[in-house]
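Q: Please take a close look at one part of this protein, the sheet and what is found alongside it in the chain, and describe it in a connected way.

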Amino acid sequence: MTPSPGGVITSAAIVGTGLIGTSAALALRQRGVRVFLTDRDPRAVRLARELGAGEEWGPGERVDLAILAVPPQFVAHQLLDLQKSGAARFYTDVASVKALPLAQAVQLGCDLSTYVAGHPLAGRERSGPGAARADLFLGRPWALCPTAAAAPEAVGAMRELVSLCGANAVVVDAREHDEAVAVVSHAPHVAASAVAARLAEASETALGLSGQGVRDVTRIAASDPGLWTGILSGNAGPVAAVLEAVADDLAAAARSLREFAAEGTEIGSVTELLRRGVAGSGRIPGKHGGPARTYAVVGVVIGDRPGELARLFQVAEQVGVSIEDVRLEHVPGLPLGAVELSVQPEAAGVFAAALREHGWQVP
């Protein structure tokens with residue numbers, strides 16, 4: 001597959017072969033872009049190469065685009081070094097903080113005409129090149145934060161990059177970006193870690209009773225602490241503001257519950273927080289970025305055997321039902337699992353009946 005006709009990106013260098021950098025490399029390779037790889041850890045480069053992400057970047061090799069997939073505090077210095085050597089025509093980064101790298105780039109005297117700060121809103125709990133996927137960015141927003149000094153050609157190259165990776169470009173001011181990700185990404189990660197930290201001291205009885213709810217809430221807490229320390233320190237002010245607001249809500253809920261336990265008073269403030277939570281959850285964009293949809297859930301009991309999920313999807317295909325989401329929970333102590341399949345409400349009855357006809361146990 002070749003790059004799109006008229007595109008300017010025929011070659012790219014990935015500086016930092018972690019999850020995001022290697023995923024971008026794989027996506028670009030699928031679109032016919034020649035990709036070069038470099039990382040301070042030669043083992044990471046070697047693994048990325050073995051995965052088919054590209055070839056090692058040699059001295060003097062000039063590319064159309066250099067993508068800096070390094071922690072926020074290292075972006076500006078890396079950018080300056082690359083610009084001094086004339087490594088690329090255009091430059092971008094994928095750090096999840098934008099104001100800090102831009103401020104440091106200005107302070108260091110980087111050429112902002114060829115640089116457009118960026119941030120793909122995609123990721124996984126796992127890190128490193130081994131977790132990379134070419135489809136990681138498909139349909140995901142990719143923030144672009146060009147300054148007034150950015151040349152139109154540089155902005156165009158960034159839009160082309162986003163398109164090649166299958167993402168959707170969103171142009172946003174750097175500070176507005178950092179405040180936004182504090183709400184939707186950074187503070188939720190700290191909150192999930194705070195909940196998960198309670199599990200480190202929980203009894204075996206409590207852990208034995210854990211279900212899908214606690215797994216959902218704490219899933220992202222399994223991410224690399226070192227990586228997240230760098231992210232949070234680069235966006236400290238906005239994240240602190242969100243966490244303070246969350247802490248106020250939690251403190252008010254705790255007081256209300258404590259008073260109820262002691263005196264039997266009303267817990268209306270807790271109910272109000274739960275209502276606000278429902279309202280906030282409902283504002284999260286749904287499929288393809290559109291309004292959130294309410295789906296019907298069809299529950300199925302399956303055996304813990306290879307190919308069971310594939311058989312479920314085959315039934316859905318046979319009756320023309322699109323599965324919008326899947327949730328799987330294993331039954332402790334039994335070779336069984338409970339699968340919840342989200343479908344359009346009007347398709348739920350047809351799908352459930354078809355599953356029963358094929359011998360599935362549908363509660």
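A: In this predicted model, strand β1, residues 11–15, runs parallel to strand β4, residues 63–68, and the two are joined by four bridges. Within this pairing, alanine 13 of the chain stands opposite alanine 66 in β4. The pair belongs to an open sheet of eight strands, whose order is β3-β2-β1-β4-β5-β6-β7-β8 and whose pairing is mixed. At the edges of that sheet are β3 (55–56) and β8 (168–171), each of which pairs on one side only.

Turning from strands to helices, helix α3, residues 72–84, packs with helix α4, residues 99–108, at an angle of about 35 degrees, and their axes are 8 Å apart. The crossing of these two helices, α3 and α4, is right-handed. On the α3 side the contact is made by Pro72, Gln73, Val75, Ala76, His77, Leu79 and Leu80, while α4 contributes Leu100, Pro101, Gln104, Ala105 and Leu108. Sorted by class, the residues in the contact of α3 with α4 comprise nine that are nonpolar and three that are polar, with no charged residues.

As for the wider setting, the protein chain is divided into domain 1 (11–172), domain 2 (187–282) and domain 3 (296–358). Between the C-alpha centres of domain 2 and domain 3 there is a separation of 31 Å.

Note on methods:
Residues are numbered from 1 along each chain as its sequence is written. This is a predicted model: local features need pLDDT of at least 70, side-chain atom pairs count only at pLDDT 80 or more; totals for chains, interfaces and linings use all residues. Side-chain values use heavy atoms; hydrogens and water are left out. Domain bounds come from an automatic or database domain assignment. Axes are lines fitted to C-alpha atoms, for helices over the stretch in contact, and angles run from 0 to 180 degrees between N-to-C directions. A crossing is left-handed if the near helix is turned anticlockwise from the far one by less than a right angle, and right-handed if clockwise. Contact means heavy atoms within 4.5 Å. Ala, Val, Leu, Ile, Met, Phe, Trp, Tyr, Cys and Pro count as nonpolar, Asp, Glu, Lys and Arg as charged, and the others, Gly among them, as polar. Two strands pair if DSSP finds at least two bridges between them.
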